[in-house]
Amino acid sequence: MSILDEAKKYERADCEQDRVFYQAMEEVLFSIAPLLESDKIYARHAIVDRLVVPDRVIKFKVTWMDDNQQIRVNTGYRVQFNNSLGPYKGGLRFHPTVNEGVLKFLGFEQIFKNSLTGLPIGGAKGGSDFDPKGKSDFEIMKFCSAFMRELYKHIGPRIDVPAGDIGVGAREIGYLFGEYKKITLSYEGVLTGKPFMFGGSLMRPEATGYGVVYFTQTMLDMEGKESLKGKICTISGAGNVAIHTIEKLKQIGAIPVSCSDSKGTIYDAEGIDVALLKELKNVRRVSLTEYLQTRPNAKYIPVEEYPKGGHAVWNIPCYAAFPCATQNELTEIDAQNLIHNGCVSVSEGANMPSTPEAIEAFLSHKICFAPAKAANAGGVAVSEFEMSQNASMQRWSFEKVDARLKTTMQEICKRVVLTAKDYGVEGNYVDGANIAGFKKVADAMIAEGI
Ligand code: NDP
């Protein structure tokens, strides 16, 4: 049975949890098929069969007490997927939709993303079905402490170094780090995305969003397209990645006109007010509807008024689009709307935000399409810079981190372009990223033996 037949078992199994994992796996397997065909060494070493199964999945109970003295129970996970290139590395997600399948998809993607950075980091992901929304600061702290009381047994600066993701920012990383320190008595770089005062890297919060823009600038340049300066850009999401994508776009003179959360979309034709967005989402943690109180000329479109089968953000005509919220948020209908409205490039800030049908539409219409594992690798790259700073007890300046981030994103882009050319799929960044990411991990696995 071929590995693709093997992969199809997931589809037949109708296992809802594993659908996103199957989707991520299928994309990689299709991209690397020509490489597997031309170089039999990977088949001889059963690399694909070994790569699609995580090294281990740790699943645990998290018991904590809420502000009403009620005992609550959640499930925690850490999927340690592959450490051929370095310690396991990947974020923690706190969201009610988290389950083993979602974390397997994210951990699998993380292997290739981390490989593409050229840095010594393996792939992992973790999190919990805990919903931080509506919880008090104290409840967040209680949950993070309880979560770490199990997780600490499985991580370490040379073993596995988690970071943030959806629902996990500097506040949560701070509480997790505090608990780890209390349990182990060890003050070490076991988490990244820490606040600056206790070992965080400058620019880690900005890294993913800024990196997406750096990647897009390089891609447009290499493809002979006009730069982003003065161009309308649309962005989904209103979290860490979206905010910093918008911020960097403004800094380079582009016009980011949208953002969204799970309830609705803001369309601000004059350009999104980043300071206001940060105040609403990072400080007050309120809905986007409040944006209109300060910016009455902007428009709020609630989810109920979205086009059928589509998303309001992708209905707005733009030069470049940046999906930065969550997986499978951009459908085929959205892709057709973007193409119809003259969009030239799509860069994935979120992980796997475009459905396979949407990607197919972008590729067949020769849209410059930057897949997540290449375009959003800036976050994990700066996380690795944080590990380096912690290990050497150094502090890098904002300028130094920014310069390294920019160079890293440019190099990833060039690596992807050259790999695509080498394998006869010029201009296809999906295949280029998957082949380049796979090859490095696979070669390391062969060198390390079974
Ligand atoms: P945040 O929690 O900071 O923000 C997530 C944003 O997406 C929020 O605005 C949230 O809205 C929205 N969102 C989440 N789920 C949904 C949904 N089902 N439908 C509509 N909107 C939704 O997360 P991040 O910005 O950190 O992460 C966003 C994406 O980027 C994720 O795919 C993540 O894996 C990826 N990523 C993040 C990195 C990082 O450094 N943080 C690094 C690389 C990738 P609401 O608040 O209403 O839920």
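This section describes the overall build of the chain, then one helix and two residues with unusual backbone angles. The structure is a predicted model.

The chain contains 17 helices and 13 strands. Its radius of gyration is 21 Å, whereas a compact globule of 450 residues would have a value near 22 Å; the chain therefore agrees with what is expected of a compact globule. Along the principal axes, the C-alpha atoms occupy a box of roughly 60 × 55 × 45 Å. Of the 450 residues in the chain, 57% are buried. Contacts were also considered by their separation in sequence: of those between residues at least 6 apart, 71% join residues at least 24 apart.

The surface and the charges were examined next. The chain exposes about 18,300 Å², and 52% of this area is supplied by carbon and sulfur atoms. There are 52 positive and 55 negative charges in the chain, and the mean positions of the two groups lie 4 Å apart.

Helix α12 spans residues 332–340, and its buried residues are Asp-334, Ala-335, Leu-338 and Ile-339. Because these residues cover an arc of only 135 degrees around the axis, they are on the same side of α12. The cover over the buried residues of α12 includes strand β11 (320–323) and helix α13 (356–364). Just after α12, the backbone at Gly-342 adopts a positive phi of about 85 degrees.

Positive phi values also occur in residues other than glycine. One of these is Asn-328, with a phi near 55 degrees. Asn-328 is located in the loop between β11 and α12, and β11 is also part of the cover of the buried residues of α12. The relative accessibility of Asn-328 is 26%; since buried means under 20% and exposed means over 50%, this residue counts as partly exposed.

Met-203 likewise is not a glycine, yet it has a positive phi of about 75 degrees. The loop that holds Met-203 runs between helix α7 (170–184) and helix α8 (204–222). Met-203 has a relative accessibility of 2% and therefore counts as buried. Thus, of these two loop residues, Met-203 is buried, whereas Asn-328 is partly exposed.

Technical notes:
Residues are numbered from 1 along each chain as its sequence is written. This is a predicted model: local features need pLDDT of at least 70, side-chain atom pairs count only at pLDDT 80 or more; totals for chains, interfaces and linings use all residues. Side-chain values use heavy atoms; hydrogens and water are left out. Helices (H or I, at least four residues) and strands (E, at least two) are DSSP runs, numbered from the N terminus. The radius of gyration is taken over C-alpha atoms; the globule rule is 2.2 Å times the number of residues to the power 0.38. Buried means under 20% relative accessible area, exposed over 50%, partly exposed in between (1.4 Å probe, protein chains only). Contact means heavy atoms within 4.5 Å. Accessible areas come from the Shrake-Rupley method with a 1.4 Å probe; for residues, only the protein chains shown count as cover. Lys and Arg count as positive and Asp and Glu as negative; His and the chain ends are not counted. The place of a charge is taken as NZ of Lys, CZ of Arg, CG of Asp or CD of Glu. The arc is that of the directions from the helix axis to the C-beta atoms.
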